[in-house]
Amino acid sequence: MLDGKNVIIAAHGNSLRALSKYIERISDDDIMNLEMATGEPVVYDFDDKLNMTNKTKLGK
């Protein structure tokens, strides 16, 4: 990502939830409310310091 390349991650829901918690800086309490639809792609944009700048869900 630091080289400007795109990365695709496909994983089990619990693994994706953990990544989302880290990327979005979601608290332990709030992560319980995060809903992730099966098969719904999520695109994160990052700045040059790898801080998330945008999140887009690619709906059906």
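The lining of the largest pocket mixes 22 nonpolar, seven polar and 11 charged residues. Here Ala, Val, Leu, Ile, Met, Phe, Trp, Tyr, Cys and Pro count as nonpolar, Asp, Glu, Lys and Arg count as charged, and the others, Gly among them, count as polar. Keep in mind that this is a predicted model: local features need pLDDT of at least 70, side-chain atom pairs count only at pLDDT 80 or more, and totals for chains, interfaces and linings use all residues. Residues are numbered from 1 along each chain as its sequence is written, and side-chain values use heavy atoms, with hydrogens and water left out.

## The pocket

How do you find a space like this? Rolling a probe the size of a water molecule over the atoms shows where empty space is left. On a 1 Å grid over the protein atoms alone, a pocket is an open set of points with protein on both sides within 12 Å along at least five of seven lines, whereas a cavity is a set of points where a 1.4 Å probe fits but cannot get out. Lining residues have an atom within 4 Å of a point.

The largest pocket holds about 1,200 Å³ of space; a volume is the space filled by probe spheres set on the points, and grid points are joined across faces, edges and corners. Its lining takes in 40 residues, and Ile9, Ile23, Val42, Val43 and Tyr44 lie nearest the centre. Two or more lining residues come from each of α1 (13-24), β1 (42-46) and β2 (52-57). Which element gives the most to this lining? That is α1, with eight residues.

## The chain as a whole

Helices (H or I, at least four residues) and strands (E, at least two) are DSSP runs, numbered from the N terminus. This chain has one helix and two strands, and they come in the order α-β-β along the sequence. Measure out a box along the principal axes, and the C-alpha atoms fill roughly 30 × 25 × 15 Å.

How much of the chain is buried? Buried residues are 8% of the 60 residues, where buried means under 20% relative accessible area, exposed means over 50%, and partly exposed is in between (1.4 Å probe, protein chains only). About 5,200 Å² of the chain is exposed, and carbon and sulfur atoms supply 51% of that area. Accessible areas come from the Shrake-Rupley method with a 1.4 Å probe; for residues, only the protein chains shown count as cover.

Contacts (heavy atoms within 4.5 Å) can also be sorted by sequence separation. Of those with a separation of 6 or more, 17% are between residues 24 or more positions apart.

## Two salt bridges

Side chains of opposite charge can pair when their charged atoms come close. A salt bridge is a side-chain nitrogen of Lys or Arg within 4 Å of a carboxyl oxygen of Asp or Glu, and this structure holds two.

One joins the side chains of lysine 21 and aspartate 28, at 2.8 Å from N to O. Lysine 21 is partly exposed at 26% relative accessibility, while aspartate 28 is exposed at 57%.

Glutamate 24 and lysine 55 make another, with their closest N and O atoms 3.0 Å apart. Glutamate 24 sits in helix α1 and lysine 55 in strand β2, so this pair ties together parts that are 31 residues apart in sequence. Lysine 55 is partly exposed, at 30% relative accessible area.

## Loops and their residues

Arginine 25 is in the loop between α1 and β1. Its phi is positive, about 55°, although it is not a glycine. Arginine 25 is exposed at 68% relative accessibility, yet it touches Ser20 and Asn51, not counting residues up to four places away in sequence.

Over in the loop between β1 and β2 you'll find leucine 50, another residue other than glycine with a positive phi, near 65°. Leucine 50 is partly exposed, at 38%. Lysine 49 lies in the loop between β1 and β2 too, and counts as exposed at 65%. Histidine 12, in the segment before α1, is exposed as well, at 57%.

Here are some pairs to find in the structure:

| Pair | Apart in sequence | C-alpha to C-alpha |
|---|---|---|
| Lysine 49 and leucine 2 | 47 residues | 8.2 Å |
| Arginine 25 and methionine 52 | 27 residues | 9.4 Å |
| Histidine 12 and tyrosine 44 | 32 residues | 18 Å |
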